[in-house]
Amino acid sequence: MDSNQNSINKASILVVDDTPDNVRLLSAILTEQGYQVRKALNGKSALTTVKALPPDLILLDVMMPEMSGYELCKQLKALPNICSIPVIFLSALDDVSDKVKAFESGGVDYITKPFQDREVLARVANHLTIQNQQRQLQHQTKQLENLVGRLQKEIQERKRAELALRIAQKKSDHLLLNILPASIIENLKKGEGSAAEKFDSVTVLFADIVDFTSLSVKISALELVNFLNKIFSKFDALTEKHGLEKIKTIGDAYMVAGGLPLPKPDHVLAMANMALDMQEIVMNLQTEIDRPFQIRIGIHTGPVVAGVIGTKKFIYDLWGDTVNIASRMESLGLPGYVQVTGAIYEELKDRYLFEERGAIAVKGTGDMITYWLKGKK
């Protein structure tokens, strides 16, 4: 067993839930895997515990008296020495708005009760692995910064120092480009910041793996991570191919936008091609990994507000009704289908094949006529 796996297995996890049976169950599941488990039955007790001895990860119930899980998470994220601790929410609430609120509060994942043991273990292992990798990256980045500093002082006038600095800068830029759009990086380098911007025309796509929970309990945590990595890496390549911007992944969900931060006149068309290519990739992967699975895809176009949020671990994100409706198109869709709004249909009806689904009830919007994107004409 390597040192990284050892550190994960010895990780300290705080379980926060006002139901003692849930706490005992989670404690038993995690302890059996070698994790060090601490417990708290309310938000106030959890806050005191975390301040006294910060854990490596927190499993947090949403519905608790006096202080909800959302409130506790916000308070934790406001503390400089604690804000980087990953928080996984566990709740019987299964509405998209509840999940969005959890992520807006600072959570990194969301597990719906009743949960499966293997799903909990898989998600815990996944986020502990990510945390360890982030720590290693921070350590390596610090080492790199120290090295560059020494080179600048000791061999400032030598060509070898100039070459080393160029290589270091290239690596740093490459890492940043995997996190933020290039134009945003340039603004940050110039000290201009990245204030929120309004974009009048942006296309947003959400994709989600169908029955991911049932799939996650059938394979090991490592297989699960490798499975997601294989799929999302191919999706990443598609965003480059079609000139689109990957926004983020949330568990098994994938979010892409077109038309920002730099204008792209054909972003609706590019997103349609992206969706069709994603379906083809999924079909090919089923044969490659010998495991059946499907995705749901939803697309909408319209105005959004976008910008970089937070002061640590930057993320470029989008807000507005366009984002919410695109998310609804995915969650209210069917496995293997691409569901789009009338705005997408009107933009592409002369070049693509569509099938009218009819009116569906969309939370926060009302009844909407939607369509299935079938392919190119």
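# Questions on a predicted structure

User: Where does Pro 261 lie in this model?

Analyst: The model is predicted, and in it Pro 261 is placed in the loop between strand 8 (253–258) and helix 11 (267–289).

User: What is the omega of the peptide bond that joins Leu 260 and Pro 261, and is the bond cis or trans?

Analyst: Omega is about -5° at the bond between Leu 260 and Pro 261, and this bond is cis. A second cis bond runs from Lys 113 to Pro 114, with omega near -5°. Pro 114 belongs to the loop between strand 5 (109–112) and helix 6. Such bonds merit mention because most peptide bonds are trans.

User: What makes the phi of Glu 66 worth a remark?

Analyst: Glu 66 is not a glycine, yet its phi is positive, at about 70°. Most residues other than glycine have a negative phi. Glu 66 sits in the loop between strand 3 (57–61) and helix 4 (69–77).

User: Why does Glu 66 count as exposed?

Analyst: The cut-off for exposed is over 50% relative accessible area. Glu 66 has 82% relative accessibility, so the residue counts as exposed.

User: Why is Arg 123 called buried?

Analyst: Buried means under 20%. Arg 123, a residue of helix 6 (residues 117–154), has a relative accessibility of 9% and therefore counts as buried. Apart from neighbours within four places in sequence, its contacts are Ile 88, Asp 109, Tyr 110, Ile 111, Phe 212 and Gly 251.

User: How do you know that Asn 273 is buried?

Analyst: The reasoning uses the limit of under 20%. Asn 273 is at 13% relative accessibility, so this residue of helix 11 also counts as buried. With neighbours within four places in sequence left aside, Asn 273 is in contact with His 242, Tyr 352 and Lys 376.

User: Why is helix 12 described as largely enclosed?

Analyst: Helix 12 (residues 321–331) has 11 residues, and eight of them are buried, so the rest of the structure largely encloses the helix. The buried residues of helix 12 are Thr 322, Val 323, Ile 325, Ala 326, Ser 327, Arg 328, Met 329 and Glu 330.

User: How do you know that strand 11 and strand 13 are joined?

Analyst: Two strands pair if there are at least two bridges between them. Strand 11 (residues 338–341) and strand 13 (residues 366–376) are antiparallel and have three bridges, so they meet that cut-off. In one of these strands, strand 13, Trp 372 is the bridge partner of Gln 339.

User: How many bridges join strand 12 to strand 13?

Analyst: Strand 12 (residues 352–362) and strand 13 run antiparallel, with 10 bridges. Ile 360 has Met 368, in strand 13, as its bridge partner. Three residues stand between the strands in this hairpin, where Gly 364 takes a positive phi near 85°.

User: What lines the second largest pocket, and how do the residues divide by class?

Analyst: The lining consists of Val 210, Asp 211, Ser 214, Leu 215, Lys 218, Arg 291, Pro 292, Phe 293 and Gln 294. By class, four are nonpolar, two polar and three charged. This pocket has a volume of about 150 Å³.

User: Which element has the lowest mean pLDDT, and which the highest?

Analyst: Helix 1 (residues 3–9) has the lowest mean pLDDT among the elements, 53, and strand 11 the highest, 96. The average for the chain is 86, and 86% of the residues score at least 70. Where pLDDT is low, the predicted coordinates should not be read in detail.

Note on methods: Residues numbered from 1 in each chain as written. Predicted model: local features only at pLDDT ≥ 70, side-chain atom pairs only at ≥ 80, totals over all residues. Heavy atoms only, no water. 1 Å grid on protein atoms, 1.4 Å probe; cavity = no way out; pocket = protein on both sides within 12 Å on 5 of 7 lines; lining within 4 Å. Points joined across faces, edges and corners; volume = space filled by probe spheres on them. Nonpolar A, V, L, I, M, F, W, Y, C, P; charged D, E, K, R; others polar. Helix = DSSP H or I, 4+ residues; strand = E, 2+ residues; numbered from the N terminus. Buried < 20%, exposed > 50% of the residue type's maximum accessible area, 1.4 Å probe, protein only. Contact = heavy atoms within 4.5 Å. pLDDT = per-residue confidence, 0-100.
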